[in-house]
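Visitor: I'd like a close look at one bit of strand pairing here, and then whatever else helps me place it. Can you walk me through it?

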Amino acid sequence: MSSTIGKIFSVTTFGESHGSCIGAVIEGCPSGLEIGEQNIELQLARRRPGQGSLCSTRNEPDNVRIVSGVEAGLTLGSPIALIIDNKDKRTADYVDFANIPRPSHADFAYRSRYGISSASGGGRASARETAARVAGGAVAEKYLQDRHGVDIVAWVSAVSNVESADISVDTVTRADVDASEVRCPDLSSAKAMAAMISGVAEAGDSVGGVITCVCRNVPAGWGEPVFDKVDAMLASAVLSIPACKGFEIGSGFSGTCMRGSEHNDMFVMKGSRLGTGTNRSGGVQGGITNGEPVIFRAAFKPVASIRLPQHTVDYDGKSVVLEIKGRHDPCVLPRAVPVVEAMAAIVLADMARRRG
């Protein structure tokens with residue numbers, strides 16, 4: 001089972017949704033970096049369930065313990081191990097459908113691959129695993145900020161057909177993003193998004209949408225052609241997030257409707273450096289960063305766990321009506337924002353370390 005991302009700066013996650021704990025092991029982090037549990041918990045708090053009316057009521061404090069690799073608040077250059085205890089497990093919620101592959105979940109696929117699957121909560125396929133990614137990503141982000149000045153901000157830009165107004169990728173901050181429960185910095189759109197999520201939740205259903213992410217101050221020259229292109233690695237990392245079904249960078253699919261004369265980013269002087277007047281490439285050309293902001297979008301499907309009755313079959317082929325219990329998000333997007341930031345940070349930290 002592949003549980004590691006990155007080659008030089010790498011993060012390995014472990015643990016199941018309803019096991020005793022989850023965690024991450026980080027390798028390749030340079031020595032002398034200031035890091036503490038409080039740095040990691042800032043991002044974990046943005047991802048944790050139980051934050052408000054728009055997300056799961058599972059109440060996990062998501063406190064992290066650094067058990068190796070850090071001494072007196074400084075990284076040692078050795079592997080950093082992080083542990084997050086699962087405090088609010090409810091395995092009984094899953095007993096009634098232990099023999100039923102839940103629609104659009106990983107139950108059947110995991111059993112087909114391994115001959116066994118976790119008895120509750122989806123195991124490794126659960127979004128609970130993303131807390132470990134966020135913990136590892138927080139360390140990657142601290143490295144990027146302190147050593148390279150890289151700044152990463154993601155936000156909800158659409159919930160179903162409700163889209164935000166244009167957001168300034170040059171100035172948007174996490175404080176702007178967190179000003180609304182739905183994590184959309186356009187407060188007017190955020191209100192409409194929140195209303196949609198609340199209505200869908202009341203109906204026992206779920207809804208998807210889009211998260212946009214900008215990575216600012218990324219130096220030119222990060223990336224590995226041909227197969228480890230920055231955009232390819234970002235796509236792989238982001239698409240590995242549960243419920244993520246689409247990725248585009250720069251102009252993305254909208255660029256297919258443009259002529260080359262419209263789409264090309266012309267070079268200009270920006271002070272003492274060469275830059276581009278537009279950024280339809282999304283900060284990456286030929287798989288290598290060009291010094292412009294790296295901008296991408298990720299599409300998330302509606303959450304598969306819904307309260308509405310669903311007609312399906314069990315593993316024996318017998319028709320059943322499935323009614324899923326448990327505590328689930330009607331929309332994953334608000335809590336997925338720090339997960340997207342974490343995956344971007346891990347990829348860029350690895351690229352930075354490869355550059356030397």
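Visitor: How many bridges join strand β3 (residues 21-27) to strand β7 (residues 80-85), and do the two run parallel or antiparallel?

Guide: Keep in mind that this is a predicted model. Six bridges join β3 to β7, and the two strands run antiparallel. For a spot to click on, try C21, which stands opposite D85 in β7. The pair belongs to an open sheet of five strands, ordered β1-β2-β3-β7-β4, with antiparallel pairing. At the edges sit β1 (4-5) and β4 (64-68), each of which pairs on one side only. As background, strands of a sheet pair through backbone hydrogen bonds, either parallel or antiparallel.

There's another antiparallel pairing further along the chain. β17 (residues 310-313) and β18 (residues 319-322) pair over four bridges, and H311 has V321 in β18 as its bridge partner. These two strands make a hairpin with five residues between them, and G317 in the turn has a positive phi of about 85°. β18 also has two faces to tell apart: V320 and L322 are on the covered one, S319 and V321 on the uncovered one.

Helices show sidedness too. In α6 (residues 230-239), the buried residues are V230, L234, A235, A237 and V238. Looking down the axis of α6, these buried residues fall within an arc of 170°, so they line one face of the helix.

For side-chain packing, go to α2 (residues 107-114), where Y110 and Y114 lie four residues apart, about one turn of the helix. Their ring centres are 6.0 Å apart with the planes at 55°, so the pair counts as tilted. Y110 is partly exposed at 25% relative accessible area, and Y114 is partly exposed as well, at 36%. The aromatic pairs number three by the rule used here.

If you're after a site to probe, the second largest pocket holds about 740 Å³ of space. It is lined by 29 residues, and D166, T212, G250, I295 and R297 are the closest to its centre. Strands β8 (151-159), β10 (209-216), β11 (244-249) and β16 (294-300) each supply at least two lining residues, with β16 giving the most, four. By type, the lining divides into eleven nonpolar, eleven polar and seven charged residues.

Note on methods. Residues numbered from 1 in each chain as written. Predicted model: local features only at pLDDT ≥ 70, side-chain atom pairs only at ≥ 80, totals over all residues. Heavy atoms only, no water. 1 Å grid on protein atoms, 1.4 Å probe; cavity = no way out; pocket = protein on both sides within 12 Å on 5 of 7 lines; lining within 4 Å. Points joined across faces, edges and corners; volume = space filled by probe spheres on them. Nonpolar A, V, L, I, M, F, W, Y, C, P; charged D, E, K, R; others polar. Buried < 20%, exposed > 50% of the residue type's maximum accessible area, 1.4 Å probe, protein only. Pairing = 2+ DSSP bridges. Arc of directions from axis to C-beta. Phe/Tyr/Trp six-rings, centres within 6.5 Å; stacked < 30°, edge-to-face > 60°.
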